[in-house]
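Open your viewer and get ready to click along. We will go from one stop to the next, with a short note on what to select each time.

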Amino acid sequence: MVSKSRSENVQIPIGPQHPALKEPESFLITLQGERITKSGVRLGYNHRGIEKACEQRTYIQAMYLIERVCGICSHSHSTAFVQAVEEVAGLQIPRRASYIRTLIGELERVHSHLLWLGVAGHEIGFDTLLMYTWRDREVVMDLLALLTGNRVNYGINTFGGVRRDVDAAQMEQVLKGVDILEERTKYYITVATDEVTLINRLSNVGKLAHDDAVRLGAVGPTARAAGVARDIRKDDPYAAYADLDFNVVTATQADVYGRTLVRVGELLESCKMIRQIIKNMPDGPVTVKAPRKVQAGEAFSRYEAPRGEDVHYVRGNGSDKPERVKVRAPTMANVQAVAHMLQDGYLADVPIVIAAIDPCFSCTDRLIGVARESGGRGIMTWEQARQAGIEWHRARGIDFTRLNETFRCGEPR
Amino acid sequence: MRAAFVIASLESAAGPYPSDWLPVAMLVLIAVVFAVGTLALSAMVGRSRRGPVKDSPYEAGVVPVGDARRRFHVRYYVIAMVFLLFDVEVVLLFPWAVLFNADRSGFLLAEMFVFLAILAVGYVYAWRKGVLRFD
Amino acid sequence: MNRIVFDNPLLLAAANGPLATLLLIVGLIIVMLTVVSYLILFERWIAAQIQDRVGPNRAGPFGLLQPVADIVKLFIKEDFTPSHVDRKLYWLGPIWVIAPAIIGMAVLPIGGTVVVAGHAFRLQVASIDVAALFLLMTGSMGVYGLVVGGWASDTKYSVLGALRSASQLISYEVPAGLVVVSIVLVAGSLRLETIAAHQAGLWWGWLPHWLIFTQPLAFLIFIVCILAECNRLPFDLPEAEQELIGGFHTEYSSMKFGLFFLAEFTNAVVASLLTAVLFLGGFGFWGLAGDQPAGVQTQWYFGLARVAVSFGKAGLIILLMMQIRWTLPRFRFDQLAKLAWQVLVPASLLLVFANGIVLWLHAPPWAYLLGNVAVALLVAVGAWLLGGRVTGRQRTLVLAERSHA
């Protein structure tokens, strides 16, 4: 019964439904023994059409929708979008507002990096680390709830500033929380630098050298772990970052271990920044009046999300709705590097290598261009696309149109 | 001290104590009956619904590509070969261990050391050949 | 000269009669299944304690009915056999895994002999002269079940998981076997009761003659091996869910999966009981459980105490296994194979040499300890010289200082 094929290569799909991935995405891995000889990624399982939907909504509606691009770095997307719109509209936000945005942004980074640390532990079968970091993450989630009313999707931004002010008591609470977080972060740094099994498991895994990181356009911690000191907060400061004193954390390992070090290092830097923000919080209003209609014009906005550079493009046409919104989530930039990182690695390393870019696939997924059989790109109607899908599966022996007959009322066949 | 130990056992003044294989056979039978019975009960109790998608092999949600039962990578064979080599050695060591404990003659020890040394040469050879490296 | 002389003819009574054996087997299986199902609850509770969580507490008081709920759930789940599998082998797989796990219990001495109503009753199913080998055999037999089940499933994850488990188990079989040879060498018998009996007695009136004290390296190697043989984390590669979904049991559901699960824990219990016999003196416990020099204790309550001591010692080993499980990340296949072939095999081979020489010299017990330490040092130095160094500590967090833009 052994297949006649002489090849020892086995193709293993990882995803779209796979325990290693927390979101649907498909990686096709070609294995020789336990070693990967080829890998490919296929996006598009989670496309939600948010960009297009924004065009049919007013700016303020679009802002709330954009915030839901990502559940973890929601503030990043919302801020990037708001910054772009403010630039088109020619708004200058108050300093206090920019400080509050930065505060939320850094708290979000802490929560995102702690989440990542846990997921990374889980992917290498180290669930205790997951439980620890996610417990500590509760501290920062509670702080965010205290400041904004929500644990995720904070809804703090508005055009021309922020929707809520922060009072002294809240800032006191934040400082207390940051003390706890910093202490825990130091513990994780000890774990990451002292625990030999962890180091052996993460070192030399998912190598992405400096030049490859630049060539493949990696961003965020993925690039910084390869020694590429690229950080929008320094390179193109927005919000209050120009006033803050912080370091860009880089590592030289250029592997998953380096990415871990960069992220725990950034946790410390974030704690430091939060203290500075609270210490130097300027007085004044938190918002300026923003027009309902935005004048014609376009703007790019860059934001250093926890996962890397987040780019938003907005074009206004003078109406109360944007003419075009374009989102380039950081995972979109990093996902191309994954195939390179997986090359010559082990099957056992696939989950951690994919997880190491801190992927957010639902942010990444874009519309797929459909190639016609005659060549060239074309547009399919919904009905055509559905029919094409059914036939594709039918050719492989599965008839989805008959599923309802088979399973009608839960009766056995 | 040891003379007073209480466990019922074997090599006594009354001669070697027989091995009782009958209870082992009984346990084998009962274990198999237990396993089969559990599966049968579970097959009877559970409900059953089938469907074409449910019937297909699980490949992370995509339509299966190629066959699962292909040639294995040669590495697994190599491990099996090395294992065979060492396991035969271990099996030979067991009777030697019992005998050597009884008479403790230098000859027996030397004999086994020569045997182990020959194996060690094979082990070093396998190591040098890269058989024991798995990357 | 290591022969055991029995001062009570009652203990030389032949094996249990058929009825007593049947009773014992059924009793043992019931006890074992109860222990195993509560072990699963216990493991989850331990995990929760380590991870600062609450743990299972819904089913019954303190979650004590959780195992019952689990078993009922497994039974009433749909027993699904996909049509692409090899049906015969698919059904054979779980049976082949659980049966050897149960059969392994046959040779374990868990309670010595008791006299009930004038009849001698041995709390051990079978006393055979190749017990140690028999246990190694049942351990290996289970691998066939995994391979057969994985192969029959005809899914890539299952086949790969099956291959992995096969190569992992046979890799660790070798050092485990060699360690048992070392112990047999010292104890002079393959019978587990004799090996346990060899460890009776106290040094300086308080330290038991347990082999863990004279053979610490052997104990260490054996613990690592049984972790691997029982597919426990950090060696649970065959079923690494992040890579291979469920590994060999990906396509199994209902009680067929349940049997795989049960077998894993049964193996863990049997392996722990074996470790207790080999290294912790079986049911011997400072004379409490009956290894009194004064006389033979055949009262039933001493039998019960000895069973409790056996399972208590096994429990400690299991606790250790669980703690290891929740404090270490999973090993990668190459790391696992290297550990077995490049560290454990040479170490256990050298251990056989060392114990052989000590035995030949008629040296006192502390010489064994010396031999163990010497072997450990030798392996450490060898690993260091051959460049198999662990990556070690790295403290190269670079903070790139850059001016404000």
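Start by selecting His312 and Val327 in chain A: His312(A) stands opposite Val327(A), which belongs to strand 9 of chain A. A strand here is a DSSP run of E of at least two residues, a helix is a run of H or I of at least four, and both are numbered from the N terminus. Before you go further, note that this is a predicted model, in which local features need pLDDT of at least 70, side-chain atom pairs count only at pLDDT 80 or more, and totals for chains, interfaces and linings use all residues. Residues are numbered from 1 along each chain as its sequence is written, while chains are lettered from A and ligands numbered from 1 in the order in which they are written.

**Stop 1: a sheet in chain A**

Now colour residues 308-316 of chain A, which are strand 8; this strand pairs with strand 9 in the antiparallel sense over 6 bridges. Two strands count as paired if DSSP finds at least two bridges between them. Add strand 7 and you have an open sheet of 3 strands in the order 7-8-9, with antiparallel pairing. Strand 7 (297-305) and strand 9 (322-328) of chain A are at the edges; each has a single partner strand, so one side of each has no neighbour in the sheet. On average, neighbouring strands of this sheet are turned by 15 degrees against each other, direction ignored. Such angles run from 0 to 180 degrees between N-to-C directions, with axes fitted as lines to C-alpha atoms, for helices over the stretch in contact.

Next, select residues 74-89 of chain A. This is helix 3, which lies across strands 7, 8 and 9 of chain A and runs at about 150 degrees to strand 7.

**Stop 2: another sheet in chain A**

Which order do the strands have in the open sheet of 3 strands with antiparallel pairing that includes strand 1 of chain A? The order is 1-2-3. Strand 1 (9-14) and strand 3 (35-42) of chain A are the edge strands, each with a single partner, so one side of each is left without a neighbour in the sheet. The twist from one strand to the next averages 20 degrees. Select residues 26-32 of chain A to see strand 2, which is joined to strand 3 by 7 bridges and runs antiparallel to strand 3. Within chain A, Thr30(A) stands opposite Lys38(A) of strand 3.

**Stop 3: a hairpin in chain C**

Move to chain C and select residues 113-116 and 119-122. These are strand 1 and strand 2 of chain C, paired antiparallel over 4 bridges. Val116(C) has His119(C) in strand 2 as its bridge partner. The hairpin has 2 residues between its strands, and Ala117(C) takes a positive phi near 50 degrees.

**Stop 4: where chains B and C meet**

Show residues 21-45 of chain B and residues 254-279 of chain C: the axes of helix 1 of chain B and helix 10 of chain C come within 8 Å and cross at roughly 150 degrees. That makes the two helices roughly antiparallel, a label for angles over 145 degrees. Among the residues making the contact are Leu39(B) and Leu259(C).

**Last stop: confidence**

Colour chain C by pLDDT, the predictor's confidence in each residue from 0 to 100. Chain C averages 80, and 87% of the residues score at least 70. The model as a whole scores ipTM 0.80 and pTM 0.82.

How values were computed. Parallel < 35°, antiparallel > 145°, perpendicular 65-115°, else oblique. Contact = placed C-beta atoms within 7 Å.
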